[in-house]
Amino acid sequence: MKIVSRVFIGLLILMNQVLANNDLPHGIINQDGRSAPAFILNDIDGETFNFADSKGKWVFVHFWATWCGPCRKEIPTIQDIVKKFENSNLEIVIINTAESEDTVFNFLGLLAPDINPLMDTDGLVTEKWQPRGLPATYFVDPEGKIRYLALGGRPWNKDVYLEFLNGLKNEVKNDLKNVHKN
Amino acid sequence: MKKITFRAFTGSLCLIAIVFQANALTKQKLTYTDDDIYLRFIQLTPQQIGSFYEGREFKKAAVDKLTASCYVTVIIKNRSKDFLWVDIAKWEFSQNGRKIIQQDRAYWEKQWDEINLKQAHRSTFNWTLMPAERNLYPQEEVGGRIPIPMQNKPFTVVLNFPTGESKQGKIKTVTMDNVICKLDDMK
């Protein structure tokens, strides 16, 4: 009887782990929980943003450039989620890599006028984060650890991704240690 | 007179043949697909490369250096169920047995130091290059340029891809023949 219950519990744990991995939408992968590199950047209006101030929230950190094809396709879907998650527990941080204000302003004016990106003017913050390429999106937990990475551009305004983002937004801070222990 | 006419005629034939061959190579779609990988080469002319970086406000000295090189833009998709590794040091460029040396990031840093190119433009340029080494998850794509010295004849690229999470799997090899440095149409 003991053996049967142990096997049953073991199966439950295994199923839970399989489900936890399968729960992630296509193209989102787990990360090792390394600390997110700190940075302070100005946005396109000249307002200063300090990443350290985001502690206590989930942060969507997105790197992009106007010359990258997938970024062009993805940026309108990011504009949609910027509006949806405004003033929520999920902060959306959009960082342009090494381009001039004029270039960025003209590009966003056409495709996503509501986005106010941070300007990584010399590209050094991007290099510190070491993305796999552009575009790149990281998910940083409320304790400042990198938990997920999106591979390439994603259609963020699609239901499956919105569900994922809503899940992060609704996570209670106290539960995080338990949920992401691994 | 007859000899000159004959020589002119055969010369013209050769010229037509060369132009025809060049056009055929230019129009040739350089793609490769199997169950594990999708691979595509895109050739840009010096003018196209120059316009791209000029549009990013690169100074003339930088554009001049950039347009003197040839760029093989490569798009890769991992279609397998395992990790596929991009490791461009394992990609061999050659022309009739002669090795063509890739112009790597260190080469370009030297070029940029010579003209004191600003950091932002170095960063942009680096992001347009193919990553030197990176794993590709199943279904993941990557793209980027590989600069080489300008070539006036077609060349061969042998791409070796390690596989497996720690490169423990078989090496996957794809050979792309008749790759060219596309030139601008001077009409």
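Me: Before we look around, what does "buried" mean here?
Reply: A residue is called buried when its relative accessible area is under 20%. This is a predicted model, and E140(B) is a handy first example, with a relative accessible area of 5%. That value falls under the cut-off of 20%, so E140(B) counts as buried.

Me: Thanks! Which residue meets the side chain of E140(B) in a salt bridge?
Reply: E140(B) sits in the loop between β7 and β8 of chain B, while its partner lies in the loop between α4 and β7 of chain A, so the pair joins two chains. The N to O distance is 2.7 Å. The partner is R132(A).

Me: How many salt bridges are there over all chains?
Reply: Side chains of opposite charge can pair when their charged atoms come close. In chain B, for instance, R122(B) and D113(B) meet in a salt bridge at 2.8 Å, N to O. Some bridges share partners, and these join D87(B), K90(B), E133(B) and K167(B) into one network. Over all chains, the count comes to 14.

Me: How many residues apart in sequence are the parts tied together by D34(B) and K172(B)?
Reply: These two form a salt bridge whose closest N and O atoms are 2.4 Å apart, and both residues are buried. D34(B) belongs to the loop between β1 and β2 of chain B, and K172(B) to strand β10 of chain B, so the pair ties together parts separated in sequence. The separation is 138 residues.

Me: Is helix α5 of chain B largely enclosed or left open by the rest of the structure?
Reply: Helix α5(B) covers residues 119-128, and 9 of its 10 residues are buried. Among them are F125(B) and W127(B), as well as R122(B), at 9% relative accessibility. The buried residues pack against β5 and α4 of chain A, together with α2, α3, α4 and β8 of chain B. With so many of its residues buried, the helix is largely enclosed.

Me: Now to chain A: which strands stand at the edges of its open sheet of 6 strands?
Reply: The order is β1-β8-β7-β4-β5-β6, with mixed pairing. An edge strand here has a single partner strand, so one side of it is left without a neighbour in the sheet. The two edge strands are β1 and β6 of chain A.

Me: Which residue of β8(A) is the bridge partner of I29(A)?
Reply: Strands of a sheet pair through backbone hydrogen bonds, either parallel or antiparallel. For β1(A) and β8(A) the sense is antiparallel, over 3 bridges. The partner of I29(A) is L149(A).

Me: Which helix packs on this sheet?
Reply: The helix in question spans residues 69-84 of chain A and touches β4, β5 and β7 of that chain. Its direction makes about 155° with that of β4(A). The helix is α2 of chain A.

Me: What is the relative accessible area of N96(A)?
Reply: N96(A) is found in strand β5 of chain A. Leaving aside neighbours within four places in sequence, its contacts include W64(A), V104(A) and L118(A). N96(A) is buried, and its relative accessible area is 0%.

Me: Is G144(A) buried or exposed?
Reply: G144(A) lies in the loop between β7 and β8 of chain A. Beyond its neighbours within four places in sequence, G144(A) is in contact with R34(A), S35(A), A36(A) and K55(A). Its relative accessible area is 15%, and the cut-off is 20%, so G144(A) is buried.

Terms used. Residues numbered from 1 in each chain as written. Chains lettered and ligands numbered in written order. Predicted model: local features only at pLDDT ≥ 70, side-chain atom pairs only at ≥ 80, totals over all residues. Heavy atoms only, no water. Buried < 20%, exposed > 50% of the residue type's maximum accessible area, 1.4 Å probe, protein only. Helix = DSSP H or I, 4+ residues; strand = E, 2+ residues; numbered from the N terminus. Contact = heavy atoms within 4.5 Å. Pairing = 2+ DSSP bridges. Axes fitted to C-alpha atoms, helices over the stretch in contact; angles between N-to-C directions. Salt bridge = Lys/Arg side-chain N within 4 Å of Asp/Glu carboxyl O.
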